[in-house]
Amino acid sequence: MKKSDILQQFINNSIIHGEGQRESNSKKSNKAYELICKSYEEIKKQEESGLQSLLELLEHPNQSVRLWSAKYLLNYSPKAKQVLEELASLDENKFREYETIGFNAEMTLLEWEQGNLTF
């Protein structure tokens, strides 16, 4: 599979995962999660060029794409931590649809800082 196809799958499933969480649709979220993980493994095999592709997604307009990209880049880029901090600080009342994004970002940072995450 081409690098661009794998990256597009990562993007699409990140968006689907976010939608599933906002809809409280665990079946949708869980399926998307599995596909995000598979895409990431393929991206990781591309070594530095794959990580560079994820770095570019830290600027993606979709919050969920930024969240998933940042999660996987925490050990590689200080920008990833910054993105997660920005997402974690979203005002729940102002951005009600992003409350799951902010919570996920906050928990990711907490678990990473405690050394409980490996990618």
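Modeller: Buried means under 20% relative accessible area and exposed over 50%, with partly exposed in between (1.4 Å probe, protein chains only). The model is predicted: local features need pLDDT of at least 70, side-chain atom pairs need pLDDT 80 or more, and totals for chains, interfaces and linings use all residues. Numbering starts from 1 along each chain as its sequence is written, and side-chain values use heavy atoms, without hydrogens or water.

Colleague: Start with Arg66. Is it buried or exposed?

Modeller: Arg66 sits in helix α4. Helices are DSSP runs (H or I, at least four residues), numbered from the N terminus. The relative accessible area of Arg66 is 15%, so the residue is buried.

Colleague: Which residue does the side chain of Arg66 meet in a salt bridge?

Modeller: A salt bridge here is a side-chain nitrogen of Lys or Arg within 4 Å of a carboxyl oxygen of Asp or Glu. For Arg66, the N to O distance is 3.9 Å, and the partner is Glu86. The two residues lie 20 apart, and the pair links distant parts of the chain: Arg66 in helix α4 and Glu86 in helix α5. With a relative accessible area of 35%, the partly exposed partner is Glu86.

Colleague: How many salt bridges does a search of the whole structure find?

Modeller: The bridge between Arg66 and Glu86 has company. Searching the whole structure gives a total of 8.

Colleague: Which residue forms a salt bridge with Glu85?

Modeller: Stay in helix α5. Glu85 has a partner 4 residues away, about one turn of that helix. Glu85 is partly exposed at 39%, and its partner is partly exposed at 29%. The closest N and O atoms are 3.9 Å apart, and the partner is Lys81.

Colleague: What about Glu41 and Lys44: how far apart are they, N to O?

Modeller: Both belong to helix α2, and because they are 3 residues apart, about one helical turn separates them. Glu41 is partly exposed at 39%, and Lys44 is partly exposed at 31%. Their side chains meet in a salt bridge, with an N to O distance of 3.6 Å.

Colleague: Glu34 is in helix α2 as well. How far is it from His17 in space?

Modeller: Helix α2 spans residues 26-45 and holds Glu34. Glu34 is partly exposed, at 42%. His17 is 17 residues away in sequence, and the C-alpha to C-alpha distance is 9.8 Å.

Colleague: Which element gives the largest share of the largest nonpolar core?

Modeller: A nonpolar core is a set of buried Ala, Val, Leu, Ile, Met, Phe, Trp, Tyr and Cys residues joined through side-chain atoms within 4.5 Å. The largest one has 25 residues, and Phe10, Leu54, Leu57, Tyr72 and Leu84 touch the most other members. Two or more residues come from each of α1, α2, α3, α4, α5 and α6. The largest share, 6 residues, comes from α4.

Colleague: Which residues does Tyr72 touch?

Modeller: Contact means heavy atoms within 4.5 Å. Residues up to four places away in sequence are not counted. That leaves Phe10, Ile36, Cys37, Tyr40, Leu54 and Phe119.

Colleague: Now the backbone. What is the phi of Ser24?

Modeller: Most residues other than glycine have a negative phi. Ser24 lies in the loop between α1 and α2, and at 66% relative accessibility it counts as exposed. Ser24 is not a glycine, yet its phi is positive, at about 55°.
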